[in-house]
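Here's a quick tour for anyone opening this structure for the first time. Keep the 3D view handy and follow along topic by topic.

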Amino acid sequence: MEDDMAIVSPRRRKRTGSDVAPDHAGIKLEKNDINSSEACLDEPATRVHEVVRYESSSLTAKHYDPATGQPVSSGLRSLEELRSWQRSEANPFDVASVPPVDRQPPLATCDRRTLVCHDMMGGYLEDRFIQGTEVEMPYVFYHWEYIDIFNYFSHNMVTIPPAAWTNAAHKHGVVVLGTFITEWKDGAETCEAFLADEESYRLVADKLVQIACYHGFDGWLVNIENKLSETAVKNTPLFLRYLSDQTHERIPGSLILWYDSVLEDGKLQWQNELNDSNRVFFDACDGFFTNYNWKEENLEWMKTYSAARGRLANVYVGVDVFARSEVVGGEFETNKSLELIRKHGLSVAIFAPGWVYECHDKRDFRNNQDKFWALIADFLYIHRPSCSLPFISSFCQGFGNCFYWKGKVEEARSWMNLSTQEVQPLYLSETLEGGGWVKTRGCPQDAWNGGCSLVVHSLIPVTLSRMCARVFSVHIPLTPKTFLSFMYKSSEGVAVSLQLHVMDTESCSIGNVDTVQPSSLLPQPLHEDHQLVQQFTQNCSLQVLNGWNVRCFLLELGGCALRDICISLSPLVRDRKVPFECRIGEIMVLDAEKLPGVPAAVENVCLDNVAWERKAGAGPDVARELCLSATLRWRYPHGQARHFLVHRHRPDIPDRTPILVGRSHTTLFRVCGLTVPEPPGALELLVEPVGKEGTVAPQSAWGRLVLSYAMEGATSREGADESLLPAVVDSQ
């Protein structure tokens, strides 16, 4: 080939990967385990040539939506699928990109935990679209500060949590569990097969561990809801113990939980409690999830049960929010069940809180979601995500009516993508002395970044000269000089600022008990001409429009950790109650010595799994358009980008502005059904990195790849018209 920077890319060619690649737990994978298509990253080029062939897709059908070609999450339906699972054939898009952050207090020290079991209409609904989807009003979860464990549940035999759920949970220090379930006659046959002997159950356990490691979640709920033979039930605790040990070894902080179903004699008989008939399974794993039809005497029994002594936190009492059969509470009276459970010092498993979405008008989802969690908040315990700087949140819940970027509408359509969900605030509803109140809620009508902002509503009583609305409860060690920015809009009559609670990092907490009360700070805002403000504003390309205001602050503290971020409200008039509304767009906490600079350059852009098709045009007389689908990959330093923007560009029209194709939250993107000019032709694909702080990269830092293409039968030289191709710009 004359141009050694161009590569002809036959789709069927077998590629070999690099020797090792990291997985979720920091374990190294052998090269045979790596998805072979990732090897294109090791063959960087600025140009590739493709031959247009109309072939049936070679991609795994269950990993891509048949209607759109978009990558989707899915589970495994049979024992055969599980036994034959291979990393090299797994879905590379459905891999969590966010490792779990630490939390305060650590889960191991919590004696009354909260698990949410998300079971909704069979699972894998709009949330299955890994790159997001257009949907009017989806279900999402955003009260992460209240829960410790999130279980994604469906009736697939193996339920793999969609990566976007894992990403959202991990940002808040929440453990994520998949589900391994067998049911009824088919389930009994499955159990007889995999619990027949040690070799069989170890194979299944090994596969479950490998799946969790690959996809990046933290363990399993095991739910055997069918009778077991004498041999199968004898091997079940051995299976659980082996699965627990192997999972713990590979995934720090992982959990294996057992659901209250089968007894030690193999009968399927729900007990609604932990007792001598089922404790053998509890003893073999990390926890026990009871059935829902318990009475208070069941709770009293478990509290005094000798086998649970020292492990009461590992007994998760099931609460069916749908209130089916004979249960305590449920629906908007779920607080009644939680009050009893906490009275007896037990953990809780809240089953199907999506009831607020399924059984009510979807337009009232946010109101009903907030109402439900506010009603049970007294029986839940806030944990704090613990992370290093930078700390950034625009309050995006992972869906919205529009997509906003820096206060402007970037895309005017309804959307959902849980990977865009940022660290969530505390959603409060509190009364104040003197007849006042304060409430916070997510609002999609206006935002700084993403799909919604945080609105603080308040009625400030005459008796208060200042009030504080707590927005975040966190544990963030501060640097000697810490820079904060605060983006907001507010109504008149009240002075708005930040109030912070900090404490000594060496004495933050012991278990659940704070040893030192936090100190309160009211930092003074910096002037607009301050060097740090100008540097921050310039690097983040801030143009504060549409009523938004920005304030910046500088803290100089030694050996302290940030505990709470609050909004301080001071009425300017003191002779009457003052109604007030403040919209918060974004809060950043940064190391002042490391203010954001130019984002790193995108490297090694490559293209794989290319597919061509003809689609009908806009009318009966319009020719069928040529459409391209392909997987775009690149390299970028982990954790340094907020997201990536993928653009297309016509090399034959050099002055035209690149057109946005999509947004990615990882170094992987599937281009689907992109209309391209007739062959021979060329298309430039661009990957723009956006820094975590919203910093803009110059085009020299964008990743670039020129794709030339021609019909089958033409050589690469005949197909690639050199006049269409720009000068080579090395993607490295």
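Ring pairs join Y124, F141, W144, Y146, F150, Y152, W165, F372 and W373 into one cluster. Keep in mind that what you're looking at is a predicted model. Across the model, the tally of aromatic pairs comes to 38.

**One aromatic pair up close**

- A pair of aromatic rings is described by how far apart the centres are and by the angle of the planes.
- Take F332 and W355: their ring centres are 4.9 Å apart and their planes sit at 75°, so with anything over 60 degrees counting as edge-to-face, that's the label this pair gets.
- F332 belongs to the loop between β13 (315–320) and α8, while W355 is in helix α9 (residues 355–358), so the pair ties together parts that are 23 residues apart in sequence.
- Is W355 buried or exposed? With a relative accessibility of 6%, W355 counts as buried, because the cut-off for that is under 20%.

**The chain as a whole**

- The chain holds 12 helices and 38 strands.
- Of its 732 residues, 57% are buried.
- If you take the contacts with a separation of 6 or more, 78% of them are between residues 24 or more positions apart.

**Helix α8 and its partner α7**

- Helix α7 covers residues 296–304 and helix α8 covers residues 334–343; the two pack at an angle of about 25°, and their axes are 9 Å apart.
- Angles under 35 degrees count as roughly parallel, and α7 and α8 are therefore roughly parallel to each other.
- Their crossing is right-handed.
- On the α7 side the contact is made by E296, L299 and K303, and on the α8 side by L340, I341 and K343.
- Sorted by character, the residues of this α7 and α8 contact come out as three nonpolar, three charged and no polar.

**Helix α8 and its partner α10**

- α8 also packs with helix α10 (residues 365–376), here at an angle of about 30° and with the axes 8 Å apart.
- That angle makes α8 roughly parallel to α10.
- The crossing of α8 and α10 is right-handed.
- Which residues meet here? From α8 there are T334, N335 and L338, and from α10 there are F372, L375 and I376.
- This contact of α8 with α10 has four nonpolar residues, two polar and no charged.
- One of the α10 residues here, F372, is also a member of the ring cluster you met at the start.

**What's tucked away in α8**

- The buried residues in α8 are T334, S337, L338, L340, I341 and R342.
- What covers the buried residues of α8? The cover includes both helices just described, α7 and α10, along with the strands β6 (114–119), β13 and β14 (347–351).
- L340 and I341 turn up in the contact with α7, whereas T334 and L338 take part in the contact with α10.
- Just after α8 comes G345, which takes a positive phi of about 70°.

**A glycine in a strand: G450**

- G450 is found in strand β23 (residues 449–450).
- G450 counts as buried, because its relative accessibility is 5%.
- Setting aside neighbours within four places in sequence, G450 is in contact with C396, C402, F403, Y404 and W415.
- G450 and N401 are 49 residues apart along the chain, and their C-alpha atoms are separated by 9.9 Å.

Key: Residues are numbered from 1 along each chain as its sequence is written. This is a predicted model: local features need pLDDT of at least 70, side-chain atom pairs count only at pLDDT 80 or more; totals for chains, interfaces and linings use all residues. Side-chain values use heavy atoms; hydrogens and water are left out. Axes are lines fitted to C-alpha atoms, for helices over the stretch in contact, and angles run from 0 to 180 degrees between N-to-C directions. Helices (H or I, at least four residues) and strands (E, at least two) are DSSP runs, numbered from the N terminus. Angles under 35 degrees count as roughly parallel, over 145 as roughly antiparallel, 65 to 115 as roughly perpendicular and the rest as oblique. A crossing is left-handed if the near helix is turned anticlockwise from the far one by less than a right angle, and right-handed if clockwise. Contact means heavy atoms within 4.5 Å. Ala, Val, Leu, Ile, Met, Phe, Trp, Tyr, Cys and Pro count as nonpolar, Asp, Glu, Lys and Arg as charged, and the others, Gly among them, as polar. Rings of Phe, Tyr and Trp (its six-membered ring) pair if their centres lie within 6.5 Å; planes under 30 degrees apart count as stacked, over 60 as edge-to-face and the rest as tilted. Buried means under 20% relative accessible area, exposed over 50%, partly exposed in between (1.4 Å probe, protein chains only).
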